[in-house]
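Work through the exercises below with the sequence and the 3D structure open beside you. Try each task before reading its solution.

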Amino acid sequence: MPRIEAVLFDVDGTLLDTRDAWVEAFDGGLSAIGTHPMAGSEAARWIGTPIETIYAERCGLSGEELSRAVQAFQRVEAESIRHGVRAYPGIAEMLAGLGAWRLGAVTNKRRDPTLESLRITGLLDRFVVVLGGDSVPKKKPAPDPIRMAASELHLPPSACAVVGDTENDVMAGKSAGARTIGVTWGYGTRARIEAAGVDHLIEAPQALAPLLRALTPSTGP
């Protein structure tokens with residue numbers, strides 16, 4: 001296997017705790033069409049899955065209703081970033097310790113609110129590339145975001161490690177040919193991440209750099 005030269009991070013549930021903003025946006029999307037089949041606090045277990053998929057498969061929306069709900073979700077999410085988003089403890093320090101690797105952020109959220117979320121939490125400058133769900137033809141769990149991020153870094157996906165908190169991150173990384181690292185502090189569950197075939201699991205942000213070094217012991221930083 002090639003040595004790891006880049007680390008591609010999921011955002012929601014991995015770098016940032018965005019649950020409050022997401023729940024507010026989820027409820028706002030349903031309010032826009034006058035239906036409430038599920039509360040955002042209940043649906044939050046699926047953060048990381050494309051909102052279109054959640055509304056369609058879990059709430060039974062389709063057609064014009066689905067389109068309107070998604071548009072309202074996106075509007076409320078953008079408005080709630082400042083009061084509903086924060087970095088997890090230890091994330092800033094973790095990123096500061098990864099200077100030997102090129103870093104990317106790869107999320108199913110739209111790129112503009114992702115950039116704003118990373119900016120207001122003071123993390124944006126750490127990333128060479130930031131891709132949103134609107135940056136690629138297909139969102140995670142498809143491999144498209146990982147392949148595009150690797151391409152923008154002029155690397156093969158096999159030289160990248162994908163770090164995320166859900167099975168969608170693991171499936172996207174594995175389908176692209178990258179190595180996968182699951183985190184246990186986010187919205188996904190250990191059982192779902194392991195069932196997806198994750199290569200490694202870490203319990204705390206400070207465990208990432210030692211793991212990356214251990215994966216390339218002869219030539220790593």
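**Exercise 1. Find which residues of helix α9 are buried, and decide what this says about the helix**.

Solution. The model is a predicted one, and the first step is to go through the helix residue by residue. In α9, the buried residues are Glu167, Asn168, Asp169, Val170, Ala172, Gly173 and Ala176. The second step is to set these against the length of the helix: α9 runs over residues 167-176, and seven of its ten residues are buried, so the helix is largely enclosed by the rest of the structure. The third step is to look for the elements that do the covering, and these include α8 (144-152), β6 (160-164), β7 (179-183) and α10 (190-195). Finally, follow the chain just past the end of α9, where Gly177 takes a positive phi of about 95°.

**Exercise 2. Determine how Lys174 of helix α9 is paired, and whether the partners are buried, partly exposed or exposed**.

Solution. Begin with the pairing itself: Lys174 forms a salt bridge with Asp199, and their closest N and O atoms are 3.7 Å apart. Next, place both residues in the chain; Asp199 lies in the loop between α10 and β8 (200-202), whereas Lys174 belongs to helix α9, so the pair ties together parts that are 25 residues apart in sequence. To judge exposure, recall that partly exposed covers the range between under 20% and over 50% relative accessible area. Asp199, with 35%, is therefore partly exposed, and Lys174, at 38%, also counts as partly exposed.

**Exercise 3. Trace the salt bridges made by Asp12 and by Asp17, and locate their partners**.

Solution. Take Asp12 to start with: its side chain meets that of Lys109 in a salt bridge of 3.2 Å, N to O. This pair links distant parts of the chain, 97 residues apart, with Asp12 in the loop between β1 (6-9) and β2 (16-17) and Lys109 in the loop between β4 (102-106) and α7 (111-120). Both Asp12 and Lys109 are buried. Turn now to Asp17, whose side chain meets that of Arg86 in a salt bridge at 3.8 Å, N to O. Since Asp17 lies in strand β2 and Arg86 in strand β3 (residues 86-87), the pair ties together parts that are 69 residues apart in sequence. Arg86 counts as partly exposed, because its relative accessibility is 34%.

**Exercise 4. State how many salt bridges there are, and name the residues linked in a network**.

Solution. The count comes to 14 salt bridges. Asp10, Lys140 and Asp169 are linked in a network of them, and Asp169 is also one of the buried residues of α9.

How values were computed: Residues are numbered from 1 along each chain as its sequence is written. This is a predicted model: local features need pLDDT of at least 70, side-chain atom pairs count only at pLDDT 80 or more; totals for chains, interfaces and linings use all residues. Side-chain values use heavy atoms; hydrogens and water are left out. Buried means under 20% relative accessible area, exposed over 50%, partly exposed in between (1.4 Å probe, protein chains only). Helices (H or I, at least four residues) and strands (E, at least two) are DSSP runs, numbered from the N terminus. Contact means heavy atoms within 4.5 Å. A salt bridge is a side-chain nitrogen of Lys or Arg within 4 Å of a carboxyl oxygen of Asp or Glu.
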